[in-house]
Amino acid sequence: MVIRDKIFQSIITVFKRHGAQTIDTPVFELKEILSGKYGEDSKLIYDLADQGGELCSLRYDLTVPFARWLAMNPNIQSIKRYHISKVYRRDQPAVAKGRMREFYQCDFDIAGTYDPMIADAEILRITTEILDSLDLGIYTIKINHRKILDGLFEVCGVPVDKIRTISSAVDKLDKLPWEDVKKEMTEEKGLDPSVADKIGDYVVKKGGNELLSELLKDERLTSNESLKKGITDMCLLFEYLTIFNVLPKISFDLSLARGLDYYTGIIYEVVTEASAAPASKAKGAKKPKPVVESSDPDADRSNDDTIGVGSIAAGGRYDELVGMFSQSSKGGTPCVGISFGLDRIFSIKKAKMDEQSVRLNEVDVFVMAFGSGLLKERMQIARTLWDAGIKAEFSYKVKPKLQAQFKAAETNGVPFAVILGEDELARGEVKLKELGLPEGHPEKEGVTVSLENLAEEVKMRMAVNAMDGLLIAPDELALNRQPDYLDGTK
């Protein structure tokens, strides 16, 4: 939870930087609200029946409830909204890889009528700010456009009633070889093999501006109005992403389809080096058998080398979803957003972190004592620090051993100790010690502070500690020398 909380704070900081407000929605919706929005993944929705006989379902994501909320609040014409909460999917879990049935999503959406691609570009800028702040390593934002994909399928000869189901098959190309995807399209979904081969010539392509230029030169493609509109959008978006310094993170990937039915425009997902399954990272590696067969829906597949973390964020434009819940003129509210999978991010972050470096709490001061324990005196000083807004704690033993007190402070990474002694207390003084100072440091054994000034002294030293990382020059660190601003003259 310590790590999760830091991830939450990083994400929310970026959301608020871009002017977002937060909302909340119920954990379950009427089943009819969720039905028909998720394509083939609809089978993963948890269905409920309440005692009154209504058919309800646990929310599958935060996007559909947001669209329903917009439809029920017609006075809200535009909003930047973020929502962090749990969603539920009846999927096969791999807990150690962040693939769970109950998990957190962190959503940011922009709803309202704006000029093309401006809101979309800001969503992708927000994505890079969050991922850079989380330090997850190298990542790529895969991007495509539903109109490009739909137009491509039309040009290749896919019947209109099969476009969505063929999209779902193509979307599996990041996990399966083309031969397996083609087999699904032809044998399971009844697509003509010659049409599948035409699709295969295109969906293996990925790149950037050069791929857009290549598509624009293909007269067969640009004769399709849907595809031409999608390419126009992408060209404009790439201009804005260049200004926002996002384009270096972008990969225009024609195989990206996103299985959800409600997307109407730009679609994207984020993958990192840790996203892929271990078995797929080695070139030429044979496809291993799953550790647990998929027929066991309750088994944890964390040790299955065919399962990876997967995408850590995904989203896109959904301009018609609100209209499914509203008959008013507001029904066409355009929306675009991104959803971050917190548990997948957590699994990557946790694997990169040294657990010994994680502080279990945020206590700043541990109040301890020599000899007889001085319990009441420790309690009084703790109260003084609490009253001053300082996070502090002490041992609950009447006569704790000094070494045990230091150990407790060390275990939780507490930076300061206030040490009580009977002689010092008689003089109205205590010792304030910064923990972890190197041998030979002039304040290694602590400094004497009057009880009257203790809270202010602690606050001052906490502030200096917070500034040290910004103000100490490299040569001062190399010489293990105290900066001159700490000597009291500046």
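The following exchange goes through the helices and some single residues of a predicted model.

Biologist: What makes up the protein chain in terms of helices and strands?

Modeller: The protein chain has 18 helices and 17 strands. Of its 490 residues, 47% count as buried. Among contacts between residues at least 6 apart in sequence, 71% join residues at least 24 apart.

Biologist: Why are α4 and α11 called oblique to each other?

Modeller: Helix α4 (residues 118–134) and helix α11 (residues 225–243) pack at an angle of about 45 degrees. Angles under 35 degrees count as roughly parallel, and 65 to 115 as roughly perpendicular. The value for α4 and α11 falls in neither range, so the pair is oblique. Their axes are 9 Å apart, and the crossing is right-handed.

Biologist: Which residues meet where α4 packs on α11?

Modeller: From α4 come Ile 118, Asp 120, Ala 121 and Leu 124, and from α11 come Leu 237, Tyr 240 and Leu 241. The residues of this contact divide into 6 nonpolar, no polar and 1 charged. Asp counts as charged, so Asp 120 of α4 is the charged residue here.

Biologist: How do you know that the span of α4 agrees with its number of residues?

Modeller: The expected span is 1.5 Å times one less than the number of residues. For the 17 residues of α4 that gives 24 Å, and the end C-alpha atoms are 25 Å apart, which agrees.

Biologist: What makes α4 mostly covered?

Modeller: In α4, 13 of the 17 residues are buried.

Biologist: What is notable about phi at Met 117 and at Asp 135?

Modeller: Most residues other than glycine have a negative phi. Met 117 is not a glycine, yet its phi is positive, about 70 degrees. Asp 135 is also a residue other than glycine, and its phi is positive, near 55 degrees. Met 117 is in the loop between β6 (102–111) and α4. Asp 135 follows α4 and is in the loop between α4 and β7 (139–145).

Biologist: Why does Met 117 count as buried?

Modeller: The cut-off for buried is under 20% relative accessible area. Met 117 has 5% relative accessibility, so it counts as buried.

Biologist: Why is Lys 229 called partly exposed?

Modeller: Lys 229 has a relative accessible area of 40%. Buried means under 20% and exposed over 50%, with partly exposed in between, so Lys 229 is partly exposed. Lys 229 has its place in helix α11. Between Lys 229 and Gly 265 there are 9.7 Å in space, C-alpha to C-alpha, and the two are 36 residues apart in sequence.

Biologist: Why is Lys 183 called partly exposed?

Modeller: The relative accessible area of Lys 183 is 47%. That value is not over 50%, the cut-off for exposed, nor under 20%, the cut-off for buried, so Lys 183 is partly exposed. Lys 183 lies in helix α7. Lys 183 and Ala 196 are 13 residues apart in sequence, with their C-alpha atoms 9.1 Å apart in space.

Biologist: How do α7 and α8 pack, and which residues meet?

Modeller: Helices α7 and α8 pack at an angle of about 140 degrees, with axes 10 Å apart. Their crossing is right-handed. Trp 178, Lys 182, Met 185 and Thr 186 in α7 meet Pro 193, Ala 196, Asp 197, Ile 199, Gly 200 and Val 203 in α8. The contact divides into 6 nonpolar, 2 polar and 2 charged residues.

Biologist: What makes α6 mostly covered, and what covers its buried residues?

Modeller: In helix α6 (residues 163–170), 6 of the 8 residues are buried. They are Ile 163, Ile 166, Ser 167, Ser 168, Ala 169 and Val 170. What covers them includes α5 (146–156), α7 (178–188) and α8 (193–203).

Biologist: What makes α3 mostly covered?

Modeller: Helix α3 (residues 63–72) has 9 of its 10 residues buried. Among them are Arg 68, Phe 66 and Trp 69. The buried residues of α3 pack against β2 (28–30), α2 (31–34), β5 (79–88), β6 and β12 (335–341).

How values were computed. Residues numbered from 1 in each chain as written. Predicted model: local features only at pLDDT ≥ 70, side-chain atom pairs only at ≥ 80, totals over all residues. Heavy atoms only, no water. Axes fitted to C-alpha atoms, helices over the stretch in contact; angles between N-to-C directions. Helix = DSSP H or I, 4+ residues; strand = E, 2+ residues; numbered from the N terminus. Parallel < 35°, antiparallel > 145°, perpendicular 65-115°, else oblique. Left-handed = near helix turned anticlockwise from the far one by under 90°. Contact = heavy atoms within 4.5 Å. Buried < 20%, exposed > 50% of the residue type's maximum accessible area, 1.4 Å probe, protein only.
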